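Let us take a walk through a protein chain together. Have the sequence and the 3D view ready, and pause whenever a residue is named so that you can find it.

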Amino acid sequence: VTSVSASPHSEPVDFSGLFISTSMDWTIRLWDRKSGARALHVFEDSSDYVYDAKWSPTHPAVFSSVDGTGNLSIWNLNTDLDIPIGSIKVCEDRALNRVAWGKDGRKIAVGTSHGYCHIFDAKKEVAVPRKEDWGQLSQVVDDLKAKAESAQ
């Protein structure tokens with residue numbers, strides 16, 4: 001495991017039990033502390049180590065990740081569980097090993113393995129959740145929990 005990030009969202013719906021982890025097995029995993037030792041979902045879109053991922057501070061269903069191929073990816077659990085909603089190749093010849101959001105969710109900073117930082121603007125739909133995003137994410141999480149329970 002290369003990083004762990006807890007959801008900062010507890011109102012109007014409590015998602016504070018959700019976590020994402022990144023790993024050298026090229027995956028990101030979604031966890032729920034109430035669901036035990038099995039991941040709710042495994043994101044397998046990367047083609048190299050995934051070094052870091054962070055939840056958006058403003059949108060309950062959005063997180064970002066960075067990997068060894070120099071990609072910054074933005075994920076929205078309400079849109080797609082298999083591929084990111086956006087991805088940008090920040091560096092051709094170096095890994096991205098850290099990602100951070102600005103407090104208002106409108107900026108994303110990434111750090112490279114060579115010591116450089118790059119800052120990007122987040123689109124409004126990434127930074128500002130719609131009212132229905134909270135309920136939609138609740139349904140997505142419930143569906144993932146049911147799927148994980150039936151697989152046991």
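We begin with the whole chain and then turn to its rings, its charged pairs and a few single residues.

Keep in mind from the start that this is a predicted model. The chain contains two helices and 11 strands. If you follow it from the N terminus, the order of elements reads β-β-β-β-β-β-β-β-β-β-β-α-α. How does the radius of gyration fit the length of the chain? The value is 15 Å, close to the 15 Å that the globule rule gives for 152 residues, so the chain is as compact as a globular protein of that length. Along the principal axes, the C-alpha atoms fill a box of roughly 45 × 35 × 20 Å.

Now look at what is covered and what is open. Of the 152 residues in the chain, 43% are buried. The chain exposes about 8000 Å², and carbon and sulfur atoms supply 50% of that area. There is also a simple way to see how the chain folds back on itself: among contacts between residues at least 6 apart in sequence, 41% join residues at least 24 apart.

Next come the aromatic rings. A pair of such rings is described by the distance of the centres and the angle of the planes. The structure holds six aromatic pairs. Start with Phe 15 and Trp 134: their ring centres are 6.2 Å apart and their planes meet at 15 degrees, and planes under 30 degrees apart count as stacked, so this pair is stacked. Where do the two partners sit? Phe 15 lies in the loop between β1 (3-6) and β2 (18-22), while Trp 134 belongs to helix α2 (residues 131-151), so the pair ties together parts that are 119 residues apart in sequence. Both Phe 15 and Trp 134 are buried.

Compare that with the pair made by Trp 55 and Phe 63, which is edge-to-face, with 5.8 Å from centre to centre and 70 degrees between the planes. Trp 55 and Phe 63 are both buried as well. These two rings also belong to a cluster, in which ring pairs link Phe 43, Trp 55, Phe 63 and Trp 75.

Let us move on to charge. Side chains of opposite charge can pair when their charged atoms come close. The structure has seven salt bridges. One of them joins the side chains of Lys 145 and Asp 32, with 3.4 Å from N to O. Lys 145 is in helix α2 and Asp 32 is in strand β3 (residues 28-32), so this bridge ties together parts that are 113 residues apart in sequence. The partners differ in their surroundings: Lys 145 is partly exposed, with a relative accessible area of 24%, whereas Asp 32 counts as buried at 5%.

Asp 52 and Lys 54 also meet in a salt bridge, at 2.9 Å from N to O. Here Asp 52 is buried, with a relative accessible area of 1%, and Lys 54 is partly exposed, at 28%. Another bridge links Arg 130 with Asp 133, whose closest N and O atoms are 2.8 Å apart. Arg 130 counts as partly exposed at 43% relative accessibility, while Asp 133 counts as buried at 3%. Arg 130 and Asp 133 do not stand alone, as a network of salt bridges links them with Glu 132.

A few single residues complete the tour. Ser 5 is found in strand β1 and, at 8% relative accessibility, counts as buried. Which residues does Ser 5 contact, leaving aside its neighbours within four places in sequence? The partners are Leu 18, Phe 19, Ile 20, Ala 53, Lys 54 and Trp 55. You have already met two of these names: Lys 54 in a salt bridge and Trp 55 in an aromatic pair.

Lys 147 lies in helix α2 and counts as exposed, at 58% relative accessibility. The C-alpha atoms of Lys 147 and Leu 40 are separated by 8.1 Å, although these residues are 107 residues apart along the chain.

Finish at the surface, where Met 24, Trp 26 and Tyr 49 make a nonpolar patch of about 300 Å². Met 24 has its place in the loop between β2 and β3, and at 47% relative accessibility it counts as partly exposed.

How values were computed
Residues are numbered from 1 along each chain as its sequence is written. This is a predicted model: local features need pLDDT of at least 70, side-chain atom pairs count only at pLDDT 80 or more; totals for chains, interfaces and linings use all residues. Side-chain values use heavy atoms; hydrogens and water are left out. Rings of Phe, Tyr and Trp (its six-membered ring) pair if their centres lie within 6.5 Å; planes under 30 degrees apart count as stacked, over 60 as edge-to-face and the rest as tilted. Helices (H or I, at least four residues) and strands (E, at least two) are DSSP runs, numbered from the N terminus. Buried means under 20% relative accessible area, exposed over 50%, partly exposed in between (1.4 Å probe, protein chains only). A salt bridge is a side-chain nitrogen of Lys or Arg within 4 Å of a carboxyl oxygen of Asp or Glu. Contact means heavy atoms within 4.5 Å. Patches are made of residues with over 30% relative accessible area and no salt bridge: like charges are joined within 9 Å, nonpolar side chains (Val, Leu, Ile, Met, Phe, Trp, Tyr) within 5 Å. Accessible areas come from the Shrake-Rupley method with a 1.4 Å probe; for residues, only the protein chains shown count as cover. The radius of gyration is taken over C-alpha atoms; the globule rule is 2.2 Å times the number of residues to the power 0.38.
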